[in-house]
Amino acid sequence: MSAQLTLALSKGRIFDDTLPLLEAAGIQVLEDPETSRKLILPTSNPLLRVIIVRASDVPTYVQYGAADFGVAGKDVLIEHGGDGLYQPVDLKIAACRMSVAVAQGFDYASAVRQGARLRVATKYVEIARRHFASKGVHVDLIKLYGSMELAPLVGLSDVIVDLVSTGNTLRANHLVEVEQIMDISSRLIVNQAALKLKREFLQPILAAFEAASLNRT
Ligand code: ATP
Ligand code: PRP
């Protein structure tokens with residue numbers, strides 16, 4: 001029988017942190033995406049398959065119903081927008097925070113006080129736009145796709161908006177965290193049509209994910 005349910009995950013921390021939740025639902029993924037080049041992975045449940053996509057593409061697959069459900073960071077969900085997605089559970093995995101950081105020696109507080117126009121480099125333009133709008137700070141947003149930490153060091157921007165966990169990446173690049181914007185963790189997202197039409201298959205897995213994530217508090 002062909003798979004009835006498709007779960008979208010990204011390689012790396014989201015895949016790794018979702019494995020124990022799948023285990024809690026009695027499901028093993030039968031191939032390792034770090035060693036396999038396959039993008040569709042079978043599981044021990046013949047009704048469920050996992051597809052491997054970029055972290056920022058997970059909401060798109062779920063929104064269009066190409067995946068029935070997926071796991072995505074709050075950052076990715078805010079940037080994407082929530083259309084067609086049901087977000088029932090904060091899985092509390094891949095926890096970090098979204099922050100503003102500057103190069104050591106840059107006086108962020110007085111730049112803000114003086115009403116200076118700040119150049120902000122970030123992958124998270126929607127989160128940055130909302131944050132600075134709420135503070136009444138005028139910004140020029142510069143969209144990057146990675147390695148944000150470099151931008152202030154080479155004069156591309158005054159500040160960055162990026163994810164911080166241990167702070168090691170900021171420290172290694174002589175940057176300082178000056179504002180925390182929000183806490184980030186990953187959410188289960190479900191296609192709204194699938195939730196209705198495949199409820200019988202989805203519900204037990206969603207319940208197991210929810211129970212396992214409650215144990216993480
Ligand atoms: P893409 O491949 O689409 O560019 P990405 O490289 O940001 O995405 P990952 O690095 O796998 O993808 O991050 C996936 C999610 O994990 C992020 O959306 C965020 O919610 C969370 N995350 C990112 N960095 C960290 C970190 N250092 N510690 C904990 N969680 C993190
Ligand atoms: C993320 C993020 C930061 C780093 C923060 O990058 O973009 O650079 O983690 O974590 P830290 O505070 O513990 O150093 P990631 O490790 O995902 O690499 P990527 O930019 O290649 O996705």
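**Exercise 1.** Find out which atoms of Arg-13, Ala-55 and Asp-75 make polar contacts with ligand 1 in this predicted model.

*Solution.* Start with Arg-13: an N or O atom of its side chain is 2.9 Å from an oxygen atom of ligand 1. Next, turn to Asp-75, where a side-chain N or O atom is 2.7 Å from an oxygen atom of the ligand. Finally, look at Ala-55, which takes part through its backbone: a polar atom there is 3.3 Å from an oxygen atom of ligand 1. A polar contact is a pair of N or O atoms within 3.5 Å. With that cut-off in hand, you can check each of the distances: 2.9 Å for Arg-13, 2.7 Å for Asp-75 and 3.3 Å for Ala-55. As for cover, ligand 1 exposes 630 Å² when taken alone, and the protein buries 78% of that.

**Exercise 2.** Describe the shell around ligand 1 and say where its residues come from.

*Solution.* First, count the neighbours: there are 16 residues around ligand 1, and those that come nearest are Arg-13, Arg-54, Ser-56, Asp-75 and Lys-123. Second, sort the shell by character, which gives eight nonpolar, three polar and five charged residues. Third, trace the residues back to their elements. Helix H1 (13-24), helix H3 (74-80) and strand E5 (85-103) each supply at least two, and E5 gives the most, with three. Fourth, step back to the domains: domain 1 (5-95 + 185-214) and domain 2 (96-183) each provide at least three residues of this shell. To finish, place the ligand itself: ligand 1 sits in the largest pocket.

**Exercise 3.** Now try ligand 2: list its neighbours and pick out the polar side-chain contacts of Glu-149, Thr-166 and Thr-169.

*Solution.* Begin with the list of residues that surround ligand 2: Arg-13, Glu-149, Asp-162, Leu-163, Val-164, Ser-165, Thr-166, Gly-167, Asn-168 and Thr-169. Arg-13 may look familiar, as its side chain also has a polar contact with ligand 1. Then go through the contacts. Glu-149 has a polar side-chain atom 2.8 Å from an oxygen atom of ligand 2. For Thr-166 the distance from such a side-chain atom to a ligand oxygen is 2.5 Å, and for Thr-169 it is 2.5 Å as well. The protein covers 59% of the 500 Å² of accessible area that ligand 2 has on its own.

**Exercise 4.** Which elements give two or more residues to the shell around ligand 2, and how do the shell residues divide by character?

*Solution.* Start with the elements: they are strand E8 (159-164) and helix H7 (168-172). Of the elements, E8 gives the most, with three residues. Then sort the shell, which holds two nonpolar, five polar and three charged residues. Last, locate the ligand: ligand 2 sits in the largest pocket.

Notes
Residues numbered from 1 in each chain as written. Chains lettered and ligands numbered in written order. Predicted model: local features only at pLDDT ≥ 70, side-chain atom pairs only at ≥ 80, totals over all residues. Heavy atoms only, no water. Near = heavy atom within 4 Å. Polar contact = N/O pair within 3.5 Å; in protein donor to acceptor, adjacent residues only side chain to side chain. Areas by Shrake-Rupley, 256 points an atom, 1.4 Å probe, with all protein chains shown as cover. 1 Å grid on protein atoms, 1.4 Å probe; cavity = no way out; pocket = protein on both sides within 12 Å on 5 of 7 lines; lining within 4 Å. Sits in = over half its atoms within 2 Å of the grid points. Helix = DSSP H or I, 4+ residues; strand = E, 2+ residues; numbered from the N terminus. Nonpolar A, V, L, I, M, F, W, Y, C, P; charged D, E, K, R; others polar. Domains from an automatic or database assignment.
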